[in-house]
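I opened the notebook to look up what surrounds the ligand. Here are my entries, in the order I made them.

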Amino acid sequence: MFIRVVVYVLAQALIGLLGWLWLGWPGAAVGLALGSIAVLVADALRGRRFVQWLREPDLNAPPALRGLWGEAAYRVTRALRGERERTRESAQRLEDFLAAIQASPNGVILLDPQGRIEWCNDIASRHFGIDPRRDVLQHIGNLVREPAFAAYLAGRHEGEAVTLLGRGHTPAHPVRLSVRLHPYGAGHRLMLSQDVTALAQADAMRRDFVANVSHELRTPLTVLAGFVETLQSLPLTEAERASYLALMAAQSARMQALINDLLTLSRLEGSPPPGGGEPVDLRALMAQCEAEARGLSNLLHPPEGRPQQLRFAEPPGFALAGAASELRSAISNLVNNAVRYTPAGGRIEVAWERLPDGRARLAVTDTGPGISPEHLPRLGERFYRVDRSRARESGGTGLGLAIAKHVAQRHGGELQVSSTLGKGSCFTLVLPEQRVRAAGEQPPAAVA
Ligand code: ADP
């Protein structure tokens, strides 16, 4: 400012002096006036350049002005740069925040005070079939039309959740959502949705399981109680007593088998998968299963009638890394099922083999009644039976295949079933190559 005044005064003095030298005092006055006008015009031109730049400021090319205008241009440029940086930072923060909500495993919808959608993440758009662009500012009640939701939206809902059917729900493929509304800001609401289909299914399975176990136990218990009452109240002959006691023993054996299978299942579910310790000697294990199956077969189809033909192939030339008791339980369930469901004179074959890809496979093939295709996907569910009365008659607990499937999965393998109605079935236990050991091989040394 000071320099500007000094320059102005010196310029005026010089022009006044020139005017005085040329035309005397009138010349000096004209010179001073012209000098002032020139300074004002130059100033106005610089101001105009500044204002023109200010209309659409390009912060990379501020006007090259000196003096006061230069200072003003510099300060405005700096202020605008700061403002733009702050705007960019806020936009980035908003973007990060929305990206974080996008990453949420739950659906998130922001509703304005009128209940209109302001924003929603991809999960919410999938849950409710909302188009995040098209449906912005649509009332949520127009898009989620279940009466339960309308009532929930209209009422007070702090902390409470409502369960709704999600987009694409069908009885065969249910989709259940738990939805909560949380108020925030000035009348806004945050709507959270969570897919609880698996939880609801698990809950239904648990209820079914408890109902099934109770039912399975109640039947033999009722029979037992009936016999006890008969024994207590009626005068029976020795032969009658013996026959009733034999029937009671069969019922209690049935209950015992059920409890044993339940305990086996719960052990399988509650313990870590078996490691690859001491290899299981399949020779001994298959010999045990064979003896058990032959005993059962002789009991069900005595040799004097039409006995079953049981063929156990030579023991395999490999061992398996896994839990011996689990493998024995799975194999004996498959073999005993084949014996129980195959009629007299039928054939049962049991054989291990190595598949070309290195996996080990046990096939239990029978010439029993077979299973029609619609039942195959459900085999292995607890208490799932193709023919209820026949299964119970043959002394089954309804858990044998569930145990076999569980054991296979815990060893990294799978249980497969192929069957033709009226011809027979083949149950196979396939175990991964990593579990196969040469017979007699020592386990790999533990890594220190
Ligand atoms: P269960 O104790 O009733 O035999 P499982 O879990 O072992 O229970 O078997 C489930 C159902 O699968 C059986 O009830 C039966 O209907 C069917 N099933 C199992 N093995 C065979 C087989 N080898 N042949 C025909 N049906 C079978």
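**Around the ligand**

I sorted the shell by class and found 10 nonpolar, 6 polar and 4 charged residues. Here Ala, Val, Leu, Ile, Met, Phe, Trp, Tyr, Cys and Pro count as nonpolar, Asp, Glu, Lys and Arg as charged, and the others, Gly among them, as polar.

I noted that the model is predicted, so local features need pLDDT of at least 70 and side-chain atom pairs pLDDT 80 or more, while totals for chains, interfaces and linings use all residues. Numbering runs from 1 along each chain as its sequence is written, and side-chain values use heavy atoms, without hydrogens and water.

Which residues come nearest? Of the 20 around the ligand, they are Asn337, Arg340, Tyr341, Gly398 and Leu401. A residue is near if one of its heavy atoms lies within 4 Å.

**Polar atoms**

I looked up pairs of N or O atoms within 3.5 Å. A ligand nitrogen is 2.9 Å from an N or O atom in the Asp366 side chain. A ligand oxygen is 2.8 Å from a polar backbone atom of Leu401. The protein covers 97% of the 530 Å² of accessible area that the ligand has on its own (Shrake-Rupley method, 1.4 Å probe).

**Elements**

I listed the elements giving two or more residues to the shell: helix H9 (324-341), helix H11 (400-410) and strand S12 (424-431). H9 gives the largest share, 4 residues. Helices (H or I, at least four residues) and strands (E, at least two) are DSSP runs, numbered from the N terminus.

Conventions: Polar contact = N/O pair within 3.5 Å; in protein donor to acceptor, adjacent residues only side chain to side chain.
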